[in-house]
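Thank you for making the time this morning. I would like to walk you through one model, going from a single helix to the packing in the interior and then to one polar residue.

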Amino acid sequence: MNRQDFPILEREVYKRPLIYLDNAATTQKPRCVVDAIDEMYYHVNANVHRGIHFLSQRATDLHEAAREKVRAFINARSTAEVVFTRGTTESLNLIASSYAQAFLKPGDEVVLTVMEHHSDIVPWQLVRERHGITLKVVPMNDAGNLDMEAYHSLLGPKTRLVCCCHVSNVLGTVNPVRDMARMAHDAGAHFLVDGAQSVPHFSVDVQDLDCDFLVFSGHKIYGPTGIGVMYGKEALLEKMPPYQGGGEMISRVTFEKTTYERLPYKFEAGTPDYVGSHALGVALDYVNAIGMDRIAAHEQALTQYAMEQMAGIEGMKFYGTAKEKTSVVAFNVADIHPMDLGTLLDRLGIAIRTGHHCAQPLMARCGVEGMARASFALYNTEAEIDAFVAGLQRVVRMF
């Protein structure tokens with residue numbers, strides 16, 4: 001894992017070496033991904049699917065090759081099940097809108113968990129307002145594990161869909177989504193996995209999980225911003241109406257009637273981000289060359305090391321101590337406001353995240369307004385953890 005592949009890691013912040021520990025928000029980009037974007041714009045740029053000329057054909061080939069790379073990366077059965085979106089948030093909104101039209105009626109129930117990101121809460125609240133559904137919430141214990149008995153009790157004859165983050169963006173908890181999907185299916189419900197924080201960190205196999213939907217963002221797995229993926233089982237996607245209308249998603253248009261294009265294009269209205277899809281494919285090639293198992297082992301070791309070193313700081317309070325945990329450490333120190341903590345660490349060149357992390361219901365469950373969060377990626381090192389801990393200790397002494 002060559003840090004030299006990431007030029008930004010060589011820069012200084014406030015005359016100090018950058019230590020970037022905000023990877024759950026977005027990862028830095030290897031040179032090959034940025035070069036791929038340059039290559040597309042300088043040598044291949046043309047709209048895809050509709051052109052017969054050389055550049056359009058080449059751009060189309062690269063765009064669809066990226067779709068196949070995504071299919072293989074998550075082990076979907078077919079590229080028809082891989083829809084390109086702008087990211088996890090749009091993927092979730094697409095599902096909420098189209099799934100609700102196809103499957104939900106007043107009184108139906110959608111089950112969420114207390115640790116969901118706002119992007120997997122608010123779209124379903126909008127659906128509740130429009131379709132009269134009921135939302136139920138799976139609680140968790142103090143360690144950050146979901147209460148599986150409570151989850152089982154929430155499943156009933158009116159349950160239509162369960163939505164669960166694979167990994168909490170705050171706690172780092174790896175949820176048992178395979179077992180949860182089985183339980184949902186036994187109850188006659190579908191199961192959606194928010195993979196924004198899992199797909200970048202360890203191997204995810206949608207057929208093994210037997211999830212009905214999985215969503216993730218390119219920018220969290222070393223790809224560009226503005227590109228994401230919605231995976232859905234083909235039989236479900238066939239039944240769901242388009243999310244948006246326009247070019248590309250149609251087969252034939254008249255003023256009397258429009259027929260829609262086949263999957264996955266039915267859900268991809270307008271000009272797609274073919275530059276972003278190609279760069280995402282290059283990012284997947286990059287992590288595949290390193291090996292997802294190797295990345296997972298490295299990040300888990302960093303997480304354990306960080307928590308061991310941080311535990312000795314007076315007033316340290318961890319949030320999320322589940323046995324199955326990866327790549328994220330959320331914490332507060334004594335009565336220091338997390339924003340003050342983050343601001344002072346920033347002056348030392350150390351980038352962490354502070355606030356509610358788009359998970360205010362989880363903050364309420366933990367009894368705080370906000371937390372500090374350090375999150376790790378394949379390029380982070382133990383030496384950076386040591387500098388981070390030394391910075392924390394310095395801040396604590398100041399208070």
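**Helix, cores and a buried serine**

Let me begin with helix 13, residues 382–398, in what is a predicted model. Counting 1.5 Å a residue, its 17 residues should span 24 Å, and because the C-alpha atoms at its two ends are 24 Å apart, the expectation and the model agree.

Which residues of helix 13 are buried? They are Glu 384, Ile 385, Phe 388, Val 389, Gly 391, Leu 392 and Val 395. Looking down the helix axis, these buried residues fall within an arc of 155°, and so they line one face of helix 13. The face turned away from that buried side carries Ala 383 and Arg 397, which are exposed.

Turning to the interior, the largest nonpolar core has 72 residues, and those with the most contacts inside it are Val 70, Tyr 151, Phe 191, Leu 214, Tyr 222, Val 287 and Leu 378. Helix 9, residues 274–290, gives the most to this core, contributing 8 residues. Apart from this core lies another, of 27 residues, which includes Leu 21, Ile 350, Ile 385 and Leu 392. If we set aside residues up to four places away in sequence, Val 70 touches Val 82, Phe 84, Phe 216, Val 229, Leu 280 and Leu 284.

Finally, please look at Ser 217, which sits in strand 9, residues 213–217. Its relative accessibility is 5%, and it therefore counts as buried, the cut-off being under 20%. The side chain of Ser 217 is joined to that of Thr 88 by a polar contact of 2.7 Å. Beyond its neighbours within four places in sequence, Ser 217 is in contact with Gly 87, Thr 88, Ile 227 and Gly 228.

Conventions. Residues are numbered from 1 along each chain as its sequence is written. This is a predicted model: local features need pLDDT of at least 70, side-chain atom pairs count only at pLDDT 80 or more; totals for chains, interfaces and linings use all residues. Side-chain values use heavy atoms; hydrogens and water are left out. A nonpolar core is a set of buried Ala, Val, Leu, Ile, Met, Phe, Trp, Tyr and Cys residues joined through side-chain atoms within 4.5 Å. Buried means under 20% relative accessible area, exposed over 50%, partly exposed in between (1.4 Å probe, protein chains only). Helices (H or I, at least four residues) and strands (E, at least two) are DSSP runs, numbered from the N terminus. Contact means heavy atoms within 4.5 Å. The expected span of a helix is 1.5 Å times one less than its number of residues. The arc is that of the directions from the helix axis to the C-beta atoms. A polar contact is a pair of N or O atoms within 3.5 Å; within protein, one must be able to donate a hydrogen and the other to accept it, and residues adjacent in sequence count only if both atoms are side-chain atoms.
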